[in-house]
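Visitor: Hello! I am new to protein structures, and I would love a tour of this one. Could you show it to me?

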Amino acid sequence: MNGCRVLMVVVAAALLMLLFPMTAAGVETTNVTIGANGYIVLNNDIYIELLDVGSDMGWSAQVHFYSYQDSVGTKKTLYIGDISTSYTSGSGMTIDVTLDSAFSNGAAFVIESSKKLYVTERHAGKVETEAVTVPKLTITRTIDPNSAEIGQTVKVTLTIKNTGNGTATDIMLDEGTIAKTYKDGCPSEIDDIAAGATERIEYDLKIGDEVQPGMREMPASVLNYESESGVSDSTQSQSNILEIILETVLLPELTISIDPINYVVTCGDDVPMVITITNVGNATSEKVYVKGDLHPGVRLKGGELEPVYESIKPDKSEEYEVTLVADEEGEHVVEMKVMWADEEETAVFEFRAEKSGLEKYYVYIIAAIPILLILLWLIKRRREYSY
Amino acid sequence: MLNILVLGLGQCGNRILDAMNREAFGRGGAFAKYYTRQKFPASVKTIAINTAINDLKGLVDTRAKDRLHVPHLHGVGANRTLGKRVFEDNKEIIMSEIDKRGAFDLIFIITSAAGGSGSSFAPLLVRELKETYTNAPVICITVLPFREEGSIFLQNAAFCLKDIIDEKPTGVLLVDNQYLKKYAGDIKSAYDKINNTTARRLLFLIEALNSEMLMVTDLGDLKTVMNGGIGIGTMGFYEASKDSTIKSAILGSFKPSGLLFPTNVYKEGARAMLIIKGDKKYLNLDLITKTIEELSVEVGQVFKGVLVQRGRPRVLSLFTLNSVPELEKLYAAAAEAIRFERDRQDQSKSQLDSAFSHIEDLEPIY
Ligand SMILES: Nc1nc2c(ncn2[C@@H]2O[C@H](COP(=O)(O)OP(=O)(O)OP(=O)(O)O)[C@@H](O)[C@H]2O)c(=O)[nH]1
Ligand SMILES: [Mg+2]
């Protein structure tokens, strides 16, 4: 009992220890802007000096981190959109820094730390108040569902994302088209999209009656837009494939088969025949009639040759067996016909009937009997007289 | 229908029996047995009995089930004493085999007198058969050896014949190999010829006994004939040429050339039986009667049977004799042989004794 309690306490303690770092993991965030060649001091410990701002290969800022007990520090180049860069001071404080935006003479950073952050000193460089803003749009398109029948409507979704740092304006959408399909609610002009924002546009695409069935390509959506400063740019989505299927008609469709086929039998012997009627259509068939045509020389020995079925559901089969007998030698044909609605299907069973084995050798047997008898007689006589 | 039993004893008896079985197939040749059945002129049962299995195997036309091997592997080697013992040891087997074949009206025993098995079995069988089948006449057909076959065969023939006569069969008919040697140059074909002739005559007789005849002779007559004289006789046969009279045919059957044993029928005959077969046109009954009357004066009682049958007249004569000079000669020769043999044996014995006398008082020294 005691041991059990101790165990429970230990487990509870372990659970608490697991939870503790999570509750303690509060993240302090602060935004700072540093002028070129200026620096700030965080919590009287960490120095962040902006050495340079670059714009080739995207906006970047070259930063020098150092601290009282780490006077050398490290120099890093941060890019917009990069993951954060870590620096740990000589006294053990850690910050994560991301470049939020850059201007020609300064840069704005987002700094995260587990400690509360204070800018304890600021040494100004020359900070340009007006940032250079560049919008950057991307567009993706999905069609749902991507296969549809003629007459149906599919949903087209356009997702437009501004990954730049400036608002995109005068956005014009030039949506690709599949012949004989109709767009419903597809805008040609789109409202401005702020930096980092995402716009979602949905519209219906109706597939007209004359559309050619098959795999149709929908050409890319093209976006033309401008930055606030009037610089124009464009982007486009991937093209999409829409499969257009012929309208499905609900109809029963029956097949009939005979098993086995091409059989060699002996006259007078049973010829078993299994007839299978399958509804391969997509609707139930009402009133199914089977007609059998036996040619002369073949007769029905057992089973019902011409059954009637009230209904056969799609993908369901009806199977029945009959036994035939061929009385005459030669090739025989059995024709089975299944009839439903106004349609019919035919199956043919061909088989060859051969003379019975006995009949074939009849002459020989008859000839052999007396010879055999004579032989037996001779043997018997020989034995009678051999001692 | 007469029920007749024919027993062939020993090699000689077996062979004559086989010849009878062959004759019963008619003119079919060697393959007759494959497509036809034996047709005996009566209900004839045959059994070949022998101690030598090889002799039985050598038979051709006798059914396997009609061959009885009396176990003493390869014959008794002409030893009649041994033969008699083998018979006594196997009497039940032999008699039960005979018994299986039913009842009989007439029994023939065919044997050579000179061998071991047949000659020793024959007298003992006569005794047994007479006891079992009291009403059936038992006739022994006894074959005498070639005289040059050696003293043992001669002795055997002498003692066998005596033993048979002692058992008082209905009759003994002699067949003399020596006399019939004239038939062929070599022994093998002589045997065949003698066997066939003997077989044919026996069947001729059987047929006559079993048939409706114009002039009747029967089993009773046969008995009477066989009882005549000293109970020993033989057979003669004659087939007439186209235009000879029935009389000459009858007389022909008495001629020495047709006899199976050398005898002068006119002088020694006691009783006779004549069986005449032929087309009716030849069978002048008056002439037959007259001829037979004439014969009776010399031969004694002559019974006759006449059978109408296709073909030229054929006559079988069967006699018993009052005296048999030829037999006497044979016995004399046998006695001579025995004496000679005994002297020789004595001589050899004394010679051996005198040889042994050299070491009489001595002991071997090592
Ligand atoms: N006519 C005739 N005589 C034969 C025949 N075979 C053997 N003999 C005679 O029969 C005598 C010998 O008797 P077998 O019949 O061979 O002797 P067996 O009765 O078989 O007795 P073992 O052989 O001694 O046991 C001899 O005199 C032969 O000449 C034959 O086929 N025909
Ligand atoms: Mg033998």
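Guide: Happy to! One term to begin with: two residues are in contact when heavy atoms of theirs lie within 4.5 Å. Please also keep in mind that this is a predicted model.

Visitor: Then let me use that term: in chain B, what share of the contacts between residues at least 6 apart in sequence join residues at least 24 apart?
Guide: We look only at contacts in chain B whose partners are at least 6 apart in sequence. Of these, the share that joins residues at least 24 apart is 81%.

Visitor: How many helices and strands does chain B have?
Guide: Let us count both kinds of element along chain B. The chain has 10 strands, and its helices number 13.

Visitor: What percentage of the residues in chain B are buried?
Guide: Buried means that a residue has under 20% relative accessible area. Chain B has 366 residues, and the buried ones make up 55%.

Visitor: And what part of the area that chain B exposes comes from carbon and sulfur atoms?
Guide: Chain B exposes about 16900 Å². Of that area, carbon and sulfur atoms supply 52%.

Visitor: Let us pick one residue. Is B:T291 buried or exposed?
Guide: B:T291 belongs to helix α12 of chain B, which covers residues 285-299. Beyond four places in sequence, B:T291 touches B:K247, B:I250 and B:L251. Its relative accessibility is 2%, so B:T291 counts as buried.

Visitor: Which residue's backbone oxygen does the side chain of B:T291 reach?
Guide: Here we follow the side chain of B:T291 to a backbone oxygen at 2.6 Å. That oxygen belongs to B:L287.

Visitor: Now a strand, please. Is B:L316 buried or exposed?
Guide: B:L316 lies in strand β10 of chain B, residues 314-321. Its contacts beyond four places in sequence include B:R201, B:M235, B:G236 and B:I275. The relative accessible area of B:L316 is 0%, so this residue is buried.

Visitor: How many Å separate the C-alpha atoms of B:L316 and B:F204?
Guide: Along the chain, these two residues are 112 residues apart. B:F204 is nevertheless among the contacts of B:L316. The separation of their C-alpha atoms is 7.6 Å.

Visitor: I also see a ligand. Which helix supplies the largest share of the shell around ligand 1?
Guide: The shell around ligand 1 has 25 residues, with B:A78, B:S117, B:E149, B:Y191 and B:N195 among the closest. In chain B, α1 (10-23), α5 (117-132) and α8 (187-210) each give at least two residues to this shell. The largest share is 4 residues, and it comes from α1(B).

Visitor: Which residue has a side-chain N or O atom 2.7 Å from a nitrogen atom of ligand 1?
Guide: Let us sort the polar partners by the ligand atom involved. An oxygen atom of ligand 1 is 2.9 Å from a backbone N or O atom of B:C12, and an oxygen atom is also 2.9 Å from a side-chain N or O atom of B:S112. The partner of the nitrogen atom, at 2.7 Å, is B:N195.

Visitor: How much of the area of ligand 1 does the protein bury?
Guide: Ligand 1 sits in the second largest pocket. Taken alone, ligand 1 exposes 630 Å². Of that area, the protein buries 93%.

Visitor: Over to chain A. Is A:I139 buried or exposed?
Guide: A:I139 is part of strand β10 of chain A, residues 137-144. Leaving aside neighbours within four places in sequence, its contacts include A:L158, A:L173, A:L223 and A:S237. With a relative accessible area of 5%, A:I139 is buried.

Visitor: Which peptide bond is cis, with omega near -10°?
Guide: For this one we go to the loop between β10 and β11 (147-149) of chain A, where A:P145 has its place. The cis bond, with omega near -10°, runs from A:D144 to A:P145.

Visitor: Last one! Is A:N44 buried or exposed?
Guide: A:N44 is in the loop between β2 (39-42) and β3 (46-54) of chain A. Its phi is near 55°, a positive value in a residue other than glycine. The cut-off for exposed is over 50% relative accessible area. At 51% relative accessibility, A:N44 therefore counts as exposed.

Notes
Residues numbered from 1 in each chain as written. Chains lettered and ligands numbered in written order. Predicted model: local features only at pLDDT ≥ 70, side-chain atom pairs only at ≥ 80, totals over all residues. Heavy atoms only, no water. Buried < 20%, exposed > 50% of the residue type's maximum accessible area, 1.4 Å probe, protein only. Polar contact = N/O pair within 3.5 Å; in protein donor to acceptor, adjacent residues only side chain to side chain. Near = heavy atom within 4 Å. Areas by Shrake-Rupley, 256 points an atom, 1.4 Å probe, with all protein chains shown as cover. 1 Å grid on protein atoms, 1.4 Å probe; cavity = no way out; pocket = protein on both sides within 12 Å on 5 of 7 lines; lining within 4 Å. Sits in = over half its atoms within 2 Å of the grid points.
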